[in-house]
Structures are given as C-alpha cells and as structure tokens.
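I set out to look up the pockets of this model and then its nonpolar cores. My entries follow in the order in which I made them.

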Amino acid sequence: MKKNVFLFFLALFGFLVTGCQNNDSGYPSSDNPTVVVSTKEIYGAPSRKFEIKAALADDLGLKSVEIQIPELSLDKVITFATNPLLKSYDLSYFFEVPSDRGTSEAFKIKLLITDVSGNVVTEEINLRLDGEFAAPTITMITPKEGAVILLSTSNEMPVNFVVNDDSGIDYINVKCEDLGIDETIQLEGSPQSYTFNKTYTLPVTAANYVLTITAKDKFAIPNTGSLDVNIVATNEYPAIYLCDQPKGTNLTTDAVGVPMYFHEKNGQDFEFKYYADTDNKEVYFLGQESDFAPHCFGLNTSGELVDDVASTPIILPTKGYYIIKVNPNTLKYTAEKYTPTSKVWADVANGLWHDDEALRKPFVSVCGGGIDGANWDTWNAWVVTKLHLANNASNPYQLVGEYTLTGTMEATFTGQWWSPSWRLIKNGIATMSPGENGNAKYPAAAGVYKVVLDTELERVFITKK
C-alpha cells in the first residue's frame, strides 16, 4: 500500500515537472514571430543617425525585440507589455554612428524577436558607413533670384547654371509651367558636374515667372535638390537699387538694406536719399536686387550713364547726404548734397525707463524674432542691454549696434512702450511708427551682424560682420 502511494506521488510530480518544462512562459505554444525589414542594407556615416525600420508580428503576442551591433556597443532591448498582448509592432529605432568610425567600415545589425511563447527569430541587416546624403548643389549663373528681364530690350531669357554632386548626377529638370517649359536631361555616365546653358523666348507681355531647377543624384538611395528662381519680365523697371559695394560682392550675404531700395518713383524717374560715409564714395544703380547682372548702371569712358556690367562707378565727391535721381530709360542722373532737417535722436545710449514721461530719457532697442535675446516685449528690449543701439559719433542721424541673428528675422526698433519706434517693413524700409504695413520677414544666415538705423533715410542696414 505504501509503495502504491509513493508511486502515485512520484508520477504526479513527474507530470507537473514535465508540464512546466513544456510551457515555461505560462502561454500556450504558438507559431514563430515574423519580421519584415524595410531594407536589407542601410547606409550611414560617422556622426550621422540612421533608422532601423521593421514590421514585427506574432499570432499570440510579442515579448521583446533586441537590436545589436556589438562593434558599436549597441545592445538595445525593447520589451512589450503583455496586458493586453501585442500582436504587431512597427519598429523605428534611430542610432547615431560614433564620430571615430571610418567611412569604409561595414557591420551587421542583428534583430532578435521573441514572442510570449518563447519562440525566437533573428534577422540581419547590413550597415555601410559610406553613405552619401547631400542633395545635388545647384549654382545659378543667370538668371539670379529676382532678375528683371526688360522686354523692351530683349525677350530672350538665358538660363545658365551648374550642378555638382559627389555620387554623380542622374538627371536635371528645368520647369516653368507659365512658359510651357518642362525639360528633362538624362545624363550618361553619372557625371559629378554638369553645366546647363540654354536660351528661352518669353512672351512680349509683362509677367512674373517661377523657374524651377531640379537635380537628382545616382546614389543607391537617391537625393534630390531643387531651386526656385523668381523672374520679372517687364517693359519698365519696377524698382531700381542703389549699390555702394564693389562689383563682384555677393549681394545676398547681408540680411537687410544691401543694395538700397529707392525712395520715390514717378514713371521711370527714381529718387534716392543716400548717405555717403566717406569722400569719393562709389555707387552703382542696379535693375535687380540680388546681383550686378544683367542690369548695372554706371559710367562709360565719356562719363555718361550706361547699362553695362563693365561700367565704372559713379563718384559722390564728399561725405554727406545726397538726393540722387536716375532714369534707366533716358540714362540720366543727378546727385545733389542736402542738409537734413529731421529730428535727431541724441544720447540714446543713456536712456532711462520711467513711467513718468517727463522723467523718461529715450533709448532705442529692438523687439522682434530671429534676433538673439529679443522678443516682442518692450520691457525685454530695455533690460537686454546688448540689444540697445547707440549714436553714431560721425553721423547724428544714425543709430548703430551689433546683433546676433539666429535665422529669419523681423524687427521693430523701439523705445519704452513703442515710443519712439521704427517698424522694419519690406525692402529695408524703417518707417517711424505709426507706419504703413506690417513687419517684414527677412531670411538671414545665423551669425553676428552690424546694424545701422538711419532715421533720416528711414532705412535699416543689417550687414554680416
């Protein structure tokens, strides 16, 4: 009898042990989990993040996924909740390649997917560090952004640009829907550089056009670069700009005011107010804002005004303020000195904030966006002293300073509770508030800029230091 009892309990113990061994997880048996990776080969580069993407699924429930790259010290485990059981998961994991790895190196990314039943499957992805991620660069020679094509002279539009790419160029597309242009050039041999040069004919009616240049490279994961160029085809100049920079200067580097927009326009008679900060100041008139070509007005060898990129500058003989008038059609200009009579904002560097206006001393600072330290609160403009402007010792009508720009900027130069204040609107115009129009936004590369607010000209000049 005792022997039978002993054998019964021995059999029961064996059954329990066997049952536990067959189902350690506490879940019934299930099929293996599945994994579908988005790509079997990932391109990365030192100091650059790459993404691991995969679709995970299991008929009962997923338990975890482990991501391993031993050589890069990556061993990441993502554990899934089991209440309720998770049957599918879209893996998206980013990892940055250490900066000390070489571009010729390659690794295996190992994924280990475990389900709640204890089934494990593995998947490997190749990782290469010789990735090329830069889009092709497009350098416009002509027309430049904002170019003016004077139809009364010619209705031809030369298009000339250069495309460069390290991995080789696949194709280039030139498109302008309004002109019926949609031209694709498929390149043989994947050259790293290609020059496009073709002339298109414009309608004789004035209009604005957008020319879109697109280039695609031949890398395994293609990169695409695109550039929009705005063009004005006109029978008359919509604007003339005064430029006091040497020919060859990049006119898109500064944020505001270079070249300077005209002050008055009557037909094709343009009038400027301008301050020459030195004797024998050299200036040109430009028919477009971003470049010296195609319309650059200067002097020929006889001292006459001509529309010629090879012309020499107009000389303003002595330092001071000028009224300058120019007509690009008749090719006539005059430049006469004058003495300003507008209010001088003196001693602004010693301003004083005070609720009692009688005890207040004016200061001029800035409110706006894209300027380090600035916001739209005039109290902030007062307490952040690096934003304050000071008087220019050599010109009482100019307030000067330095700002660090962080990107696209907009600004109102202001004192206490917006008094005094100058709102920076389009074309570098700074109107004494209350002025017309709203604040304009100006794209600018991050960096330190010299700031000049000329209260006589009602112009702001923000130039890269």
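**Pockets and cores**

I began with the largest pocket of this predicted model. I find 36 residues lining the largest pocket, with Glu145, Tyr241, Glu289, Ser290 and Asn427 nearest its centre. Two elements, strand S15 (207–217) and strand S16 (224–234), give two or more residues to that lining. I note a volume of about 820 Å³ for the largest pocket. Its lining divides into 20 nonpolar, 11 polar and 5 charged residues.

I turned next to the second largest pocket, which holds about 510 Å³ of space. Its lining has 23 residues, and Asp244, Asp277, Gln398, Val452 and Phe461 lie nearest the centre. Strands S17, S20, S29 (395–416), S32 (447–454) and S33 (459–464) each supply at least two lining residues. S32 provides the largest share, 3 residues. By class I record 11 nonpolar, 6 polar and 6 charged residues in this lining.

I then examined the largest nonpolar core, which has 39 residues. Ile240, Phe272, Tyr274, Phe285, Leu286 and Ile324 touch the most other members. Among the elements that give two or more residues to this core are strand S17 (241–243), strand S20 (269–276), strand S21 (281–286) and strand S25 (320–327). S20 gives the most, with 5 residues.

I looked up Leu286 in particular. Leaving aside neighbours within four places in sequence, its contacts include Ile240, Tyr241, Cys243, Leu251, Phe292 and Cys296. Apart from the largest core I find another, of 28 residues, among them Leu399, Met409, Ala430 and Leu453.

Technical notes. Residues are numbered from 1 along each chain as its sequence is written. This is a predicted model: local features need pLDDT of at least 70, side-chain atom pairs count only at pLDDT 80 or more; totals for chains, interfaces and linings use all residues. Side-chain values use heavy atoms; hydrogens and water are left out. A nonpolar core is a set of buried Ala, Val, Leu, Ile, Met, Phe, Trp, Tyr and Cys residues joined through side-chain atoms within 4.5 Å. Buried means under 20% relative accessible area, exposed over 50%, partly exposed in between (1.4 Å probe, protein chains only). Helices (H or I, at least four residues) and strands (E, at least two) are DSSP runs, numbered from the N terminus. Contact means heavy atoms within 4.5 Å. On a 1 Å grid over the protein atoms alone, a cavity is a set of points where a 1.4 Å probe fits but cannot get out, and a pocket is an open set with protein on both sides within 12 Å along at least five of seven lines; lining residues have an atom within 4 Å of a point. Grid points are joined across faces, edges and corners, and a volume is the space filled by probe spheres set on the points. Ala, Val, Leu, Ile, Met, Phe, Trp, Tyr, Cys and Pro count as nonpolar, Asp, Glu, Lys and Arg as charged, and the others, Gly among them, as polar.
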